[in-house]
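Good morning, and thank you for joining this group meeting. Please have the sequence and the structure open before you while I go through them.

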Amino acid sequence: MVKDYCILESNIIKNNQTNFINDCKLIYDHLSKDPTINDLTWDYKKYNIFSVTSPSLLWYKLFEELKQIIKEFTNTTEPLWMQSWLNFHTADTLLPKHNHKWETHGYICINPSYTYTVFDEYKIKNKPGLIYVGPGNRLHSVECYKSFKENRITLGFDVTSKANDINNNMSLMPI
C-alpha cells in the first residue's frame, strides 16, 4: 500500500543549488530552441530531464537519490518507469490547477522562489532541495506568497508500473 505523501530534503540540491540553477538555465535555453517544443512543462512527453542531463555526475547523483526515494515510497520491487521535466516559470506563469493521471507524482525544488504548491487538502511551502512524492490524480496548483523576479525552477515527475499503457510518450525511462 502506498503512503499518502512524503516530503524529503535533498542535500545534493542544497549543496549544489547554484550548479543546478545554471544547468537548468542552459537546458531551458537549449530546449526552447527546439521547434517541436512549445513549453517545457506542457511538452513533458517530448523529453526527460534526466536523459538531457545524463552526462553530468551531479545530475546522476540526483537521479539515483530520486530513484531510491520513489522505490521506498511505492514500496515495490516491480519495474517502474518515470518521466521528468523542467518547470521554468515567472511569477506570472505559475502552474494553474491541474492533475497527473499517473500512479505516483512528485516534484523537486531547485529554485522555487516564494511559492506554495496547493493541493485541495494541504499546501506545501516550497524551498530549495524539497522533494515531494505522492499519489497521482490529485489536483494542485502553484501560488506565490511573496513577489519574485527570478525564475521559479522545479522538476516535475510521474511514475508508473504500466509503461505499456502509455502511448506516444518519448520521455519514459526505467528506474
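**A walk through the predicted model**

Let me begin with one residue, Thr 90, which is partly exposed, with a relative accessible area of 32%. Please note from the outset that this is a predicted model. Thr 90 lies in the loop between E2 and E3. Which residues does Thr 90 contact, once its neighbours within four places in sequence are left aside? They are Phe 148 and Asn 151. Tyr 5 is 85 residues from Thr 90 along the chain, and the C-alpha atoms of the two are separated by 27 Å.

Let me now set beside this a second threonine, Thr 104. Thr 104 belongs to strand E3, which covers residues 104-111. Is Thr 104 buried or exposed? Thr 104 has a relative accessible area of 4%, and buried means under 20%, so Thr 104 is buried. Not counting residues up to four places away in sequence, Thr 104 touches several residues, among them Phe 73, Thr 74, Val 133, Gly 134 and Phe 157. Phe 73 is 31 residues from Thr 104 along the chain, yet their C-alpha atoms are separated by 9.1 Å.

I turn next to the protein as a whole. How many helices and strands does the protein have? There are four helices and nine strands. Along the sequence, these elements follow the pattern β-α-α-α-α-β-β-β-β-β-β-β-β. One strand therefore precedes the four helices, and the other strands come after them.

What of the overall dimensions? The C-alpha trace spans about 40 × 35 × 30 Å along its principal axes. A compact globule of 175 residues would have a radius of gyration near 16 Å, and the protein, with 15 Å, agrees with this. Of the 175 residues, 49% are buried. If we take the contacts with a separation of 6 or more, 78% of them are between residues 24 or more positions apart. The pair of Thr 104 and Phe 73, 31 residues apart along the chain, is an example that we have already met.

Next, the surface and the charges. The accessible surface comes to about 9,200 Å², and carbon and sulfur atoms account for 49% of that area. The protein has 19 positive and 19 negative charges, and their mean positions are 4 Å apart.

I come now to the cysteines. How many disulfides does the structure hold? It holds zero. Cys 6 is in no disulfide, and the nearest cysteine sulfur, that of Cys 109, is 13 Å away. Cys 6 is buried, with a relative accessible area of 16%. Why is Cys 24 without a bond to Cys 109? The closest cysteine sulfur to that of Cys 24 is in Cys 109, at 12 Å, which is too far for a bond. Cys 24 is buried as well, with a relative accessible area of 0%.

Finally, I draw your attention to two asparagines in loops. Asn 75 has a positive phi of about 50 degrees, although it is not a glycine. Asn 75 sits in the loop between helix H4 (57-74) and strand E2 (81-89). With a relative accessibility of 61%, Asn 75 counts as exposed. Asn 137 also has a positive phi, near 55 degrees, and is a residue other than glycine. The loop that holds Asn 137 runs between strand E6 (130-135) and strand E7 (140-144).

Technical notes
Residues are numbered from 1 along each chain as its sequence is written. This is a predicted model: local features need pLDDT of at least 70, side-chain atom pairs count only at pLDDT 80 or more; totals for chains, interfaces and linings use all residues. Side-chain values use heavy atoms; hydrogens and water are left out. The radius of gyration is taken over C-alpha atoms; the globule rule is 2.2 Å times the number of residues to the power 0.38. Buried means under 20% relative accessible area, exposed over 50%, partly exposed in between (1.4 Å probe, protein chains only). Contact means heavy atoms within 4.5 Å. Accessible areas come from the Shrake-Rupley method with a 1.4 Å probe; for residues, only the protein chains shown count as cover. Lys and Arg count as positive and Asp and Glu as negative; His and the chain ends are not counted. The place of a charge is taken as NZ of Lys, CZ of Arg, CG of Asp or CD of Glu. A disulfide is a pair of cysteine sulfur atoms within 2.5 Å.
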